[in-house]
Amino acid sequence: MKDEWIKKLRDQLADYEEPVPDELWAKIEARLPKPTEAPKHAVRTIPLWAKWTAAASFIGIITGIGILNWSQEEKPSAPFTAEVKKGSKTPMKSEENAVDETISEAIVSQTDKPMKTVRGIDKIETFDEIKADEGNIAIAENKAIEEERAVEEKKSIEESQTIEQGKTIEAVLKEQDKEMAAIRNTRHSKVGFNLYASNGFGHQTNKNGVLMSQQMLDNYKIDRNLTTAGTRADSPVYLYNYEEKQEHYQPISFGLTANIPISSAFSLSSGVVYTHLRSDFTNVADYLVYQKQMTLHYIGIPLNVQYHAWQWHGLNVYATAGAQADFNVKVRVVTGGTEVKMDKDRTQWSVGGALGIQYDIIPQLGVYAEPGIKYYFDNGSHVHNYFKYKPTNFNLQVGLRLNIKP
Amino acid sequence: MQETERQLIDAIQGGDREALRRLYNRFSRYAMAVARRYVVEHEDALDVVQDSFVNILSCIGSFDYRGEGSLKAWVTRIVTNEAIDWVKSHEGIVLTDEIPDETDENVPDVEEAPPEIMSTLIRQLPVGCRTVLNLHVFEELTHKDIARKLGISEKTSASQFAYAKKLLADMIKEYLNSQRI
């Protein structure tokens, strides 16, 4: 009965209107903020296709330079590599100590045949000397034999090399040093492809009052002297019963990047990174609760420099630093089950650094982890997201690295 | 065919300045009717509507569309808040301790009085019970919410509503009697 009376009264006045004078609009319009001269989004005029084209071109150029660089480095090493394989008992190893052993074996292999000839002559001469010195004990004899043999061996190597190959020993050693360096570089000369996932740590929650605008303050003619004692005259005034809560979840990224070696210790990496960002907003406006979920999708182009600091067997420790540009390709805002139109975020720039550790399961494939830190610059947009509220962000990137030797 | 609320919001948020005027034309008379339920004087109600639309049109960029009707509800809520703030600052919410008799059995049918008369009768109620009645009937707030909003007890809100209902019933009867003469 009571509720029915309320409903009837509400319905009775549901569409009831009262006239307003014509001049009221002019008064309202005069108090509205003037539209700005510049177009709202004049700075974001680069179309999406242009961004993708630029990204693809960039990756192509970097990859091309890397492959060209790699090819030029590879050429002189080819004959030596063949020689090493011939002389070595085991297939070429990727580790430095293994390389050293292989090179030693190669040298022995090169000099094996002439040495036997020299040893034969040397043996006769030494035996004559031993016979002449009857008082020497056997150990001293053997020692002297070995020392002389070593001297003669070196001499015979020089001679045999000069005679048989037309090269001096210095030239050979110099060439070997060069080739050894090339083999050391082989590890980093491989073009690496990385497939990874990354996320930041923790999520950000903010709960704020809603400030009353200056215009509203003026409208209400609020006497600040009546506010709480000790409150400054210019202190902000919050709207009664208005509250805003923002929850920004940690970003999640998936990427595919390529490593291009630029020297024995340094390499460049770039590629494409997808980043997913989600934020929840809860606005309490005078007992009305508005909930909004915002999902931002970014495609990013990273450019990093890696310094390979240390390696042992299949383990590789390195440091990496660089910058990244993330382009917001899609934004989805849902409130009350309805999708709301919203402008995309501006380009998000960031810089970062990380320490990386990689373990090669097989020579062609490694797993790696990169704990690092990133700083996101304020892009000046009005989009509230994780990057705005937590610009410095610790993250962990884990992934697979494919070492391809073209 | 009338522009939908969604189309109107899209136009405004897309930078169409004329759309602001269309929003005003669409809701200003309804806003005036809402303001007049709270504020007795016509000129004062006009001030409330003016302030309300300045805020509505200034903040429309942050409005979250939640389906057809959500814009009207948002406009109504802002006008209501402006009106209550005006009443608080100019009249003050004065509450009476009078506890009404049971009136349910003698309440006349509100549909017997036309809307403009009902609006006039409501504004003739004492300010305290008028505010509570408006919030409870038209804003559909519970007495608990009204108590929080006005800084009174839940019981006081309920008794103020009953008092408003009794007074309104008496006024409707009086109006109907005057029509029969």
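This passage describes the helices of chain B and selected loop residues of chains A and B in a predicted model.

The two chains differ in the elements assigned to them. Chain A contains nine helices and 11 strands, whereas chain B contains eight helices and zero strands, so that chain B reads along its sequence as α-α-α-α-α-α-α-α. Of the 406 residues of chain A, 19% count as buried; of the 181 residues of chain B, 41% count as buried. When contacts between residues at least 6 apart in sequence are considered, 68% of those in chain A join residues at least 24 apart, and the corresponding value for chain B is 71%.

Within chain B, the N-terminal helices were examined in pairs. The axes of H1(B) and H2(B) come within 7 Å and cross at roughly 145°, and the crossing has a left-handed sense. On the side of H1(B), the residues involved are B:Leu8, B:Ala11 and B:Ile12, which meet B:Ala19, B:Leu20, B:Arg22 and B:Leu23 of H2(B). By class, this contact between H1(B) and H2(B) comprises six nonpolar residues, no polar residues and one charged residue. The spacing of such positions can be read against helix geometry: an α-helix has 3.6 residues a turn, so residues three or four places apart point the same way.

The pairing of H2(B) with H3(B) was described in the same terms. Their axes approach to within 9 Å and cross at roughly 140°, and the two helices are therefore oblique to each other, the oblique class excluding angles over 145 degrees. The crossing of H2(B) and H3(B) is right-handed. H2(B) contributes B:Leu20, B:Tyr24, B:Ser28, B:Ala31, B:Met32, B:Ala35 and B:Arg36 to this contact, while H3(B) contributes B:Ala45, B:Val48, B:Val49, B:Ser52, B:Phe53 and B:Leu57. These residues divide into 10 nonpolar, two polar and one charged. B:Leu20 of H2(B) is listed both in the contact with H1(B) and in the contact with H3(B).

Helix H4 of chain B, which covers residues 70–90, was considered next with respect to its length and its surroundings. At 1.5 Å a residue, its 21 residues should span 30 Å, and because the C-alpha atoms at its ends are 30 Å apart, the expected and modelled spans agree. The buried residues of H4(B) are B:Leu71, B:Trp74, B:Val75, B:Ile78, B:Val79, B:Thr80, B:Asn81, B:Glu82, B:Ala83, B:Ile84, B:Trp86 and B:Val87. This set includes B:Thr80, B:Asn81 and B:Glu82 alongside nonpolar residues such as B:Leu71 and B:Trp74. The buried residues of H4(B) pack against four helices of chain B, namely H1 (5–13), H2 (17–38), H3 (42–59) and H6 (127–137). H4(B) is followed by B:Gly92, for which phi is positive, near 85°.

Towards the C-terminal part of chain B, helix H5 (residues 115–123) packs with helix H8 (residues 154–180) at an angle of about 135°, their axes being 10 Å apart. That angle makes H5(B) oblique to H8(B), and the crossing of the two is right-handed. The contact is formed by B:Ile117, B:Leu121 and B:Ile122 of H5(B) together with B:Leu168, B:Met171, B:Ile172 and B:Tyr175 of H8(B). Its composition is seven nonpolar residues, with no polar and no charged residues.

Several residues in loops were also characterised. B:Pro126 is located in the loop between H5 and H6 of chain B and is partly exposed, with 16 other C-beta atoms within 10 Å. B:Pro126 and B:Ala164 are 38 residues apart in sequence, yet their C-alpha atoms are 8.1 Å apart in space. B:Glu140 is placed in the loop between H6 and helix H7 (143–150) of chain B, where its phi, near 55°, is a positive value in a residue other than glycine. B:Glu140 is exposed, since 10 other C-beta atoms lie within 10 Å and the cut-off for exposure is 12 or fewer.

In chain A, A:Gln250 occupies the loop between strand S3 (238–248) and strand S4 (252–261). A:Gln250 is partly exposed, with 17 other C-beta atoms within 10 Å. The C-alpha atom of A:Gln250 is separated by 7.7 Å from that of A:Arg278, although the two residues are 28 residues apart along the chain.

Key:
Residues are numbered from 1 along each chain as its sequence is written. Chains are lettered from A and ligands numbered from 1 in the order in which they are written. This is a predicted model: local features need pLDDT of at least 70, side-chain atom pairs count only at pLDDT 80 or more; totals for chains, interfaces and linings use all residues. The expected span of a helix is 1.5 Å times one less than its number of residues. A residue is buried if 20 or more other C-beta atoms lie within 10 Å of its own, exposed if 12 or fewer, and partly exposed in between; C-beta atoms are placed from the backbone. Two residues are in contact if their C-beta atoms, placed from the backbone, lie within 7 Å. Axes are lines fitted to C-alpha atoms, for helices over the stretch in contact, and angles run from 0 to 180 degrees between N-to-C directions. Angles under 35 degrees count as roughly parallel, over 145 as roughly antiparallel, 65 to 115 as roughly perpendicular and the rest as oblique. A crossing is left-handed if the near helix is turned anticlockwise from the far one by less than a right angle, and right-handed if clockwise.
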